[in-house]
Amino acid sequence: MEWLGELKSDADDPELQPVDPSVTQAFEAMLEEAKPAKPAKPGAAPPAPQASPQPLVPPPVVVPEAPAQPQPVIQVDPAVQATLRAAQPLPAETEGPEQEFARALAEEGPADPAITLADPVTLPNPGLNQYDLNQYDLNQYDLNQYAPPPVGSGTGPQPAVGPGTGPQPAVGPGSGPQPVLGTGPIPAVDPAASPRPSGPGTGPQQAVNPGTGPLPALGTGPLPAVGTGTGPQQAVGPGTGPQPAVGPVGPGTSPQPVIRPGTGPIHAVGPNTGPQPAVGPGTGPQPAVGPGTGPQPAVGPGTGPQPAVGPGGSGPQPFAHPGPGPQPAVGPGGSGPQPFAHPGTGPMPVVGSGTGPQPAVGPGSGPQHVLRLDSGPIPAVGPGTGPQPTVGAGTGPQPAIEATGPAYYGTDTVAIAAASPERPQPYAELGMNDEEYRRVREILGRRPTSAELAIYSVMWSEHCSYKSSKVHLRQFGEKAPKTDKLLVGMGENAGVVDVGQGWAVTFKVESHNHPSYVEPYQGAATGVGGIVRDIMSMGARPIAVMDSLRFGPADAPDTQRVLPGVVAGIGGYANSLGLPNIGGETVFDACYGQNPLVNALCVGVMRHEDIQRAVAPGPGNRVILFGALTGPDGIGGASVLASATFDEESHQKRPSVQVGDPFMEKLLIECCLELFNEDLVVGIQDLGAAGVSCATTELAAAGTGGMHVDLDTIPLRDETLLPEEILMSESQERMMAVVTPDKVDRFMEICARWEIPATVIGTVTDTGRLVMTWRGETIVDLPPTTAADEGPVYNRPLQPPADLGALQSDTPGRLTRPSNGDELRRTVLWLAGSPNLASKTWVTSQYDRYVLGNTVLAMPENAGVVRIDDDSGLGIALSLDGNGRYTRLDPYAGAQLALSEAFRNVAATGARPLAVTNCLNFGSPEDPGVMWQFARAVEGLADGCQYLGIPVTGGNVSFYNQTGSAPINPTPVVGVLGVHDDVRRRVNMGLTTDGATLALLGETREEFGGSEWAHVVYGHLGGLPPLVDFKAETALASVLVNAIRDGLVTVVHDLSDGGLSQTLVESCLRGSLGARITLPGDPFVALFSESVARAMVAVRPGAEARLAALCESAGIPVTQIGVAGGDSLTVTGHGPDGDQQELFSIPLYELRESHERTLPSYAD
Amino acid sequence: MDAARVGIITFPGSLDDKDAARAVRLAGAEPVALWHGDHDLRGVDAVVLPGGFSYGDYLRAGAIARFAPLMTELVAAAEAGLPVLGICNGFQVLCESHLLPGALLPNAGLHFVCRDQRLRVENADTVWTTEYREGQELVIPIKNRDGRYTADRETLAELASTGRIVARYLDLNPNGSQDDIAGICNEAGNVVGLMPHPEHAVESLTGPSTDGLGFFTSIVKRLVNA
Amino acid sequence: MARVVVDVMLKPEILDPQGQAIARKLPQLGFDGVVAVRQGKRFEVELEGEADEAALERVAKIAETLLANPVIENYEVRVL
């Protein structure tokens, strides 16, 4: 189609100015400035293109706050050296076939970097011949025999880590590739900076080799710094503590340190680094391998999970020896030779739920095998942990587990732990890296017991500790606008705001993304259950839910698998609880194909004095666990610690999917409200991720600081559970309360009335320790704040995605536009029927919107509105919005645009926006590009909230939403809560009054970057998203709220996705009344541009002048665009030849047919 | 004159009990909370079995609630003429306890359905429907997963011929109920079961209409005049 | 310990959309030649004592009273 319509000169058209690639550089420049980086003025556009374009250079890896201190010197303790020297290889007669084979390999000589791994048998792999961690021969491991690889990116053996792998390895959070551990005293790595992500300038590590004499300090001497063109890394011997991270190494760097037996997790190695450390037996998780990387580390027997290999052109794959843990997954599409899976090699890594980067299982990834217990611990899988194979909540098929020999030492007590410091512990398989493990030992002054290890591993996981996001999320607190309406801020289960008249409202949104991919119904259902319990634990009665759902393309087979289950699960659970679903969104985009997003929101209400806290005050108070019985739900990793007879049968009882019981939760709600009503509780916490571990540590940490728990008392569904399993169980529908002794009986009575199991499991103490006993022995004794509050804090590298410049340059200005009435008509119908804009009734009719009898507005209205007080009409409005495409184009603006939309939606019902919650859905934090998107989005959201004067009260972060190396579009979902002093004054969005004047408020610019039009018609994503304008948003909001309160308008509908066209379609269909519209300016722009801060209103007859005055004093442009009436949508405007003409007319029945037939045809 | 007292039974999992109470209040009567575990109807003049998911709909909707202790007294009272209105889950309990014939099966579409449903009042003579006239059309929310009414041929014929069908769906049958049956009553006409939720159509602020109020004003009128 | 199984099925004349949905899905999954599917429920009841006639009768009573709704369902009882 030829581009007609109003021609502009190219110089005028912002859409046609390619965004200068140096926009990306500008972002970088901001990042590189001394922290804190200058925040862009809220509402300001992203940095404008530079006047003089600069050539695009590969961005360096930027690590904010990267320390510049010299590397510590590693000294070798002569006594240790002597011990090591004396170590002998295992006698031949104890070698099994694996050991023999490995020894044969070792004897073949040093690795030749030029060897491809096509023939796995020839891979030299030192250090494979032992399983006993204490025995090895260091002399084999002289890395000086390695020749440096040729310099140049992508040449020669490349290190196993490509983009997307960052400082973390493929398995377990924070357990990333670590440098080889040297012997002797641990270099002075600052524990507070634990685990140090890879950063430039961290310098090479030295081989600690007995007999090599005094070692040069790191960073000095002949060893090059780690960075572009650095030389070989040195091998570090076994049995040493964590090493500093090896920084991201530029192209052509040399081999990384060899990892010997007994070494812990290896630091991640940056992109394009040399060959990865070979890993000896008993070593931790291997580094993940990104695309384009060279030979992978070989993995010896008894090693932990193998590195995942990224998709697309990786070099030869790691060789997996007999008896190692799960095999590396190999990405789809052109990966190099697959790992050779020997008999007895472990299961293939499975894509799991709630887990980090999953190894994709590609073709040729080998058979499944029985995992022998002595071949290494089963990788732990827990919620939110890094890439996990197998067992755990919501993961795929489980490995068959066969117990072969006792690796179980009996209950691991504190006394035993103190007496056996050297006992190896599978902390890596539980997702802890070496540095974290060392910190735990430091905290406790001894090695942790299995139970304590379980607690720390899960409390310090990404999901529970927010270690990758904390440094950024702080901004929500630091930039929080001052308001006396915030009664409980961030950090609690949910934020609480004062809505007036003595009422307080608590609300929060949370994700349950990965479980919903694995088991859509239960994943979504338990997600609802979890967020509802969060609200309950604040002391509120839950009164409504909302959900924001994102799936792959609407017609994709997998969407047809996932969507109906998710919707049925949300409906099934919330309907059974008696909570009305008042709104949300359902969005389709290819990027969510294997990573659907299920964000569930719950809102609750209470009187000010009823607010509860998650504290455990007062020594002597009782700790009561009530709700469902505890079973083996989601414990995966705990089995590693405790399994004695982990045979087929016991394996089967590890359900990988948690099943929700909404009936139990309904009983819990009623029971809790009665408990609160009678003031029987001084502290309360719900059990979610990490079950009892989390609830006890958090309650204890927040209270008097001490607690004694008798694990024997916990009522079990499965009597064979071991204490570690009990601690990690994620059985649903459980709460934990702290009750004064005199109230315990009454507490129990109420629970009995509701037939809810309730048990006193412990007592609050003032010892500052969380102590737990099992069968009379102490198995946990730790300071709870260290687990609950003092988890690791990462400062991961940030770097704008390499393709961002090109993406932003690819503006939609070049796309051909509809040029006449017929084409416009077709476009209106096309968009109205497109999956994202089509009617969602198929989804929303599966939700009960009426229960509790207080729902004033629900979908598809602008926001959900619920009455709180029957007499005064006090109520709240809630809107939940996000836009992954906008955020992909510009994360800072995209987050602000989501905030703007939710803010606008709330105001469009007549409510005053008050507070914000958010769910931040992103890819892997190990990908600097993703981390950069996250940092920018959080900054944008924090800045925006600050400007708008509405604080973030709480929220949720979901990382690792990606498959292979392709993350989802960064998708911050923002919920805004507003207050209606009197809900009876609210307005709807449907046209109902024949003859009503329709007016458009706000300014329309030519903005199509990330628009629905570009997406639907062209599948195009490029350019920049619409300019953010918070000043205009606040002005519009004030006009709307005042106009609605004063009765000047009878209908309000905001403009967002799909522009004015979609707003007209929705308002006409909702009210079953047509409209006659005259468009100002370019009809295409008027209809489909997605400029912010706009709304369409129907004016009450006679109120036109007052409305105009209101708009003028607020600085909001207002234009009459037409009149409601008739049974068609009739649009007049400038035709192709410039004259005003009727462009098109669409009868309502045709509009309705387009709009309403889409969804049912894609799903059931 | 004392207000009429209408009892509302709460089972574990009942959800719309408070909404029923609101409707009773709006109609001018006094709602009385009754607990499933008691054996005491507290002398109420009429009883509402509210909507919800009693016992999680385990086994079958209403299958367990019908054995609640209070149901002993309720069945006896109903057989003696006490007005009883079973809404949604309440209808299911009434069928399970054989106070009403037939059964409620999963919706034909196999989905939970929440919609504003047009109904026609077929019988305006029961104590719960006197405020309507026969043939009157109402818009009342329906929201359930197991709303498909079914009975054997003889029962259906009898229901139709004796005017015991209280309401039928119009325009669209949301669940596949036989004969588009939305509600029925017993022979004596004091026990009515209804799938849609009249208690959610009593305020224009929160419902699609106020058409549901008639069920509650009917009983109030009857009780006051009794 | 006696284990008795109760199979509960909808009466033949009752429409079973769940079974129909399953039957419709099977060809899509590559299974041909399936004429019809009807969905029911199975209960496993563990009793003290022997699995004799008396036990079967008791379970039949349980089935009649609670496990099945005789208005719409038939049931069968057998020893496991």
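Let's start with the active site of chain B, bearing in mind that this is a predicted model. An unreviewed UniProt entry carries the annotation "active site" for Cys88(B), His197(B) and Glu199(B). These residues span 112 residues in sequence, yet no two of their C-alpha atoms lie more than 11.0 Å apart, so they gather at one spot.

Take His197(B) to begin with. You'll find it in the loop between strand S11 (191-194) and helix H5 (213-225) of chain B. His197(B) is buried, with a relative accessible area of just 1%. Who surrounds it? Setting aside residues up to four places away in sequence, His197(B) touches Asp16(B), Gly51(B), Ile87(B), Cys88(B), Ile140(B), Pro141(B) and Lys143(B). Notice Cys88(B) among those contacts, since Cys88(B) is also one of the residues that the UniProt entry lists under "active site".

Now for Glu199(B), which sits in the loop between S11 and H5 of chain B. At 4% relative accessibility, Glu199(B) counts as buried, because the cut-off for that label is anything under 20%. If you ignore its neighbours within four places in sequence, Glu199(B) is in contact with Asp16(B), Asp19(B), Ala20(B), Ala23(B), Ile87(B) and Phe216(B). Compare that with the earlier list and you'll spot Asp16(B) and Ile87(B) again: they touch His197(B) and they touch Glu199(B). The two annotated residues also meet directly, as the side chain of Glu199(B) makes a polar contact with that of His197(B) at 2.8 Å.

From here, move over to where chain B meets chain C. The contact draws 16 residues from chain C and 16 residues from chain B. About 1,200 Å² is buried between the two chains, and carbon and sulfur atoms give 68% of that area. On the chain C side, Pro17(C), Leu66(C) and Asn69(C) lose the most area to chain B, together making up 34% of what that side buries.

What about the polar side of things? Between chain C and chain B there are 5 residue pairs in polar contact, counting pairs with both residues at pLDDT 80 or more. The count of salt bridges between these chains is 1; there, the side chains of Glu73(C) and Arg60(B) meet, with 3.7 Å from N to O.

Which elements of chain C take part? Helix H1 (17-28), strand S2 (40-47) and helix H2 (53-67) of chain C each give two or more residues to the side that touches chain B. Sorted by class, that side of chain C has 11 nonpolar, 3 polar and 2 charged residues.

Notes: Residues numbered from 1 in each chain as written. Chains lettered and ligands numbered in written order. Predicted model: local features only at pLDDT ≥ 70, side-chain atom pairs only at ≥ 80, totals over all residues. Heavy atoms only, no water. Contact = heavy atoms within 4.5 Å. Buried area = accessible area lost by both parts, 1.4 Å probe. Salt bridge = Lys/Arg side-chain N within 4 Å of Asp/Glu carboxyl O. Polar contact = N/O pair within 3.5 Å; in protein donor to acceptor, adjacent residues only side chain to side chain. Helix = DSSP H or I, 4+ residues; strand = E, 2+ residues; numbered from the N terminus. Nonpolar A, V, L, I, M, F, W, Y, C, P; charged D, E, K, R; others polar. UniProt positions renumbered as here; feature names shortened; annotations may be inferred. Buried < 20%, exposed > 50% of the residue type's maximum accessible area, 1.4 Å probe, protein only.
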